[in-house]
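Dear colleague,

I am handing over the structure we spoke about. The sequence and the model come first, and my notes on them follow.

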Amino acid sequence: MPGAVIGKEKLTKEEERLLRDYSRQVSKTTSALFYVNAFFVSAIPLWLFIRIHHMDLFDMVAAALFVIMTVVDTYLVAQAYMKVKFTMKHKIANKRKDAVTAEVSKQLSESQEGKKLSRQEKDKRIDYRKSEVADNEATLFSIFYNNTLFLFILIAVFYVLRSFSPYVNYVASTSIAGFLAYLFSTGS
């Protein structure tokens, strides 16, 4: 997005930062964090089914199901992370506004540099810090919320379908947990 042009005007760095803050896109590091976390959460059912249902990891049918469902659930859970992060970021920013303003104002009043800054520059620093705090908290909350939701649904469906064959139980419980986690992430 650097140097983005709208019409005949080039966007300023401030405008680009605002567009980044309010877009649904996440940074590459956040995306990697989401996919790694989603992979580990999606792989947890493997342990459950191998240990409890005694499914053979090296059986070709089971191995294919394990790989396919882990990949599908990784994608669905990672997308759920991104959606929840987007919705929560602005809610958290509004709730943390006063605390962040007090923190940054205190830091600036204690430093020599802060006493020389204009009011507009101080406001920019407050907004930047507020966005940073909200981004971090929304990321962590999104991971916690979706992991909890996915695992709760997985265990509930696993229990409900306990009398079915292990293959049906695995596919149904992992797909239902992944799709419901994704579905519930779209709500506000």
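**Overall layout**

The chain folds into six helices and two strands. Read from the N terminus, the order is β-β-α-α-α-α-α-α. Please keep in mind that this is a predicted model.

Of the 188 residues in the chain, 37% are buried. The exposed surface of the chain comes to about 11900 Å², and carbon and sulfur atoms account for 64% of that area. If one takes the contacts between residues at least 6 apart in sequence, 77% of them join residues at least 24 apart.

**Helix 3**

Helix 3 covers residues 60–110. With 51 residues, a straight helix would span 75 Å at 1.5 Å a residue, but helix 3 spans only 65 Å between its end C-alpha atoms. Helix 3 also has a kink of about 55°, with Arg-96 at its centre.

**Salt bridges**

How many salt bridges does the structure hold? There are four, and I describe some of them here.

Asp-135 pairs with Lys-85, with 2.7 Å between the closest N and O atoms. This salt bridge links distant parts of the chain, since Asp-135 lies in helix 5 (residues 119–160) and Lys-85 lies in helix 3, 50 residues away. Lys-85 has a relative accessible area of 5%, so it counts as buried, the limit being under 20%. Asp-135 is partly exposed at 22%.

Asp-135 also forms a salt bridge with Lys-89, where the closest N and O atoms are 3.8 Å apart. Again the partners come from distant parts of the chain: Lys-89 is in helix 3 and Asp-135 in helix 5, with their positions 46 residues apart. Lys-89 is buried, with a relative accessible area of 10%.

A further salt bridge joins the side chains of Arg-129 and Glu-103, at 3.5 Å from N to O. Arg-129 belongs to helix 5 and Glu-103 to helix 3, and the two are 26 residues apart. Both ends are partly exposed: Arg-129 has a relative accessibility of 27%, and Glu-103 has a relative accessible area of 30%. As for shared partners, Lys-85, Lys-89 and Asp-135 are joined by their salt bridges into one network.

Another lysine of helix 5 is worth a look: Lys-130. Its relative accessible area is 18%, so Lys-130 falls under the 20% limit and is buried. Leaving out residues up to four places away in sequence, Lys-130 touches Ala-93, Lys-97 and Val-100.

**Nonpolar core**

Which residues have the most contacts inside the largest nonpolar core? They are Phe-49, Phe-66, Tyr-81, Phe-150 and Tyr-170, in a core of 27 residues. At least two residues of this core come from each of helix 2 (28–52), helix 3, helix 5 and helix 6 (166–185).

Tyr-170 is a good place to start when looking at the contacts. Residues up to four places away in sequence aside, Tyr-170 touches Pro-45, Leu-46, Phe-49, Leu-65, Phe-66, Met-69 and Thr-70. Two of the names in that list, Phe-49 and Phe-66, also appear among the core residues with the most contacts.

Leu-149 sits in helix 5. With a relative accessible area of 14%, Leu-149 is buried. Neighbours within four places in sequence aside, Leu-149 is in contact with Leu-180, Ala-181 and Phe-184. Along the chain Leu-149 and Val-77 are 72 residues apart, and their C-alpha atoms are separated by 10.0 Å.

**A backbone angle to check**

Where is His-54? It lies in the loop between helix 2 and helix 3. The phi angle of His-54 is near 55°, a positive value in a residue that is not glycine. Most residues other than glycine have a negative phi, which is why a positive value gets a mention here. Is His-54 buried or exposed? At a relative accessible area of 66%, His-54 is exposed, because the limit for that class is over 50%.

Best regards

Conventions. Residues are numbered from 1 along each chain as its sequence is written. This is a predicted model: local features need pLDDT of at least 70, side-chain atom pairs count only at pLDDT 80 or more; totals for chains, interfaces and linings use all residues. Side-chain values use heavy atoms; hydrogens and water are left out. Helices (H or I, at least four residues) and strands (E, at least two) are DSSP runs, numbered from the N terminus. Buried means under 20% relative accessible area, exposed over 50%, partly exposed in between (1.4 Å probe, protein chains only). Contact means heavy atoms within 4.5 Å. Accessible areas come from the Shrake-Rupley method with a 1.4 Å probe; for residues, only the protein chains shown count as cover. The expected span of a helix is 1.5 Å times one less than its number of residues. The bend at a residue is the angle between axes fitted to the seven residues ending there and the seven starting there. A nonpolar core is a set of buried Ala, Val, Leu, Ile, Met, Phe, Trp, Tyr and Cys residues joined through side-chain atoms within 4.5 Å.
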